[in-house]
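Subject: Structure handover

Hi,

Here is the structure I promised to pass on to you. Could you open it beside this message and follow along?

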Amino acid sequence: MNFVWISAVLGATVVVLIAAMVWRERSLRRQLAEQQVRIGSLTERQTALEKGDAERYKRSQYFARIGTWDWDVDTERLYWSDAIFGMFGFKIGEVVPSYALFCSCVHPEDRERVRAGELRCLETGENHDEEYRVVWPDGTIRWLRETGNVVKNAHDETIKMMGVVRDITEEKASASYLKHLAHFDPLTGLPNRLVLEERLSDALEQARISGTRVALVFIDLNGFKAINDRYGHAAGDRVLVTMATRLKRILRATDTVARIGGDEFVVILQGLPEGGNLQDEARVICQKIFVELSPPINIGSDHRHIGTSLGVAMFPDHAPSMDRLIHIADLAMYEAKRSGNNQYRLGGQVVGH
């Protein structure tokens, strides 16, 4: 009886143990399957993230107008990232990048300099940094800046150049505009005082060498403030632009007209012969200016004649230096202005129109 009971108990225990083992095995399999699903999901997410990062990187290159390149030196093989194609005027995949293609796209005036920069980098290992123009297939010209350096193998042999290229066309345009603003009057487009002094200095130096004269003429518009007050600043600006255009018409290629502020203009006439009569020379110059500036200007429904006052100083007759010449011409102009409308003064003598 006891033996039967013990056997029964042992049998039941074995059944329970087997059932437990089966349950644990199934549980382990289920956990393993779930882990594999999680791993697969993580892998998919990681792949998606990597793809997303790559796409964002490509898009950031495009919007930043910057791309990566590498070139196997002494071969035609050239790699461009997608952003570079557009910098050279091509669609992605439209052409196969090559060194020959790159050279053909660089502006003819810049090719020699770019090639010299590459050779310098290859020979010395110095950083490659060049700004150059490229000509698109449609003729558009863009500015690029290219930087890079060499890559060497285990034997310290240069095998590759790698770097980045960036479109700097807008930066160049902005720099050019700022430079223009620093040297030219934004309203009339005429040179400002800085350029006037540079050109006057050059003219005087040339006159010393060639034994010629330079005439400096200060021009002031009479009644300009009244026009501004009555018709407004837009009308005043129109008068200034008109006068600037007329003054440019009477100049030779070697002459200069500048606006130095307000309603004051200055003319440099160089290469005048020495030995002539100063009064006759000044009269011819000033009469030409009076005639050119005398026609009326339409301001609204009115036709206004704008009078002028001129001050003339001659180099080397009135002054041996630029500063002194400017001072004498300026004083002469104010003397003429005090003498009435359309008057000019030559180094102390007031003469009517």
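To count aromatic pairs, I took the rings of Phe, Tyr and Trp (for Trp, the six-membered ring) and called two of them a pair if their centres lie within 6.5 Å; planes under 30 degrees apart count as stacked. By this rule there are six aromatic pairs. One of them is formed by Trp71 and Tyr99, and it is stacked, with 4.3 Å from centre to centre and 10° between the planes. Trp71 belongs to strand 1 (residues 66–72) and Tyr99 to helix 3 (residues 99–105), so this pair ties together parts that lie 28 residues apart in sequence. Please keep in mind throughout that this is a predicted model.

How buried or exposed are the two partners? Residues under 20% relative accessible area count as buried. Trp71 has 4%, so Trp71 is buried, and Tyr99 is buried as well, with a relative accessible area of 11%. Both rings also belong to one aromatic cluster, made up of Trp71, Trp80, Phe85, Phe88, Tyr99, Phe102 and Tyr132.

From the aromatic cluster, Tyr132 leads us on to the strands. Strand 3 (residues 128–135) pairs with strand 4 (residues 141–152) in the antiparallel sense, over eight bridges. As an example of the register, Glu131 has Arg145 as its bridge partner in strand 4. The hairpin of these two strands has five residues between them, and there Gly139 takes a positive phi near 95°. While you are in this region, have a look at Trp143: the charged end of Lys172 sits over its ring, 4.4 Å from the centre.

Next, some backbone details in the loops. Which residues other than glycine have a positive phi? Asp156 is one of them, with phi near 65°; you will find Asp156 in the loop between strand 4 and strand 5 (158–167). At a relative accessible area of 56%, Asp156 is exposed. Asn342 is another, with phi near 55°, and its place is the loop between helix 10 and strand 12 (343–346). There is also a cis peptide bond to check, joining Phe315 and Pro316 with omega at about 5°. Pro316 is in the loop that runs between strand 11 (308–315) and helix 10 (322–338).

Now to the second largest pocket, which has a volume of about 190 Å³. Where does its lining come from? Strand 8 (264–273) and helix 9 (278–293) each supply at least two residues, and helix 9 gives the largest share, with five. The residues that line this pocket are Ile250, Leu251, Arg252, Asp255, Val267, Leu269, Leu272, Glu281, Val284, Ile285, Lys288 and Ile289. By character, eight of the lining residues are nonpolar, none is polar and four are charged.

One last stop is Pro273, also in strand 8. Is Pro273 buried or exposed? Its relative accessibility is 53%, so Pro273 counts as exposed. Pro273 and Thr212 are 61 residues apart in sequence, but their C-alpha atoms are 5.1 Å apart in space.

If you would like a place to start, I suggest the stacked pair of Trp71 and Tyr99, followed by the pocket lining with its five residues from helix 9.

Happy browsing, and best wishes!

Key: Residues numbered from 1 in each chain as written. Predicted model: local features only at pLDDT ≥ 70, side-chain atom pairs only at ≥ 80, totals over all residues. Heavy atoms only, no water. 1 Å grid on protein atoms, 1.4 Å probe; cavity = no way out; pocket = protein on both sides within 12 Å on 5 of 7 lines; lining within 4 Å. Points joined across faces, edges and corners; volume = space filled by probe spheres on them. Helix = DSSP H or I, 4+ residues; strand = E, 2+ residues; numbered from the N terminus. Nonpolar A, V, L, I, M, F, W, Y, C, P; charged D, E, K, R; others polar. Pairing = 2+ DSSP bridges. Phe/Tyr/Trp six-rings, centres within 6.5 Å; stacked < 30°, edge-to-face > 60°. Buried < 20%, exposed > 50% of the residue type's maximum accessible area, 1.4 Å probe, protein only. Lys NZ or Arg CZ within 6 Å of the ring centre and 35° of its normal.
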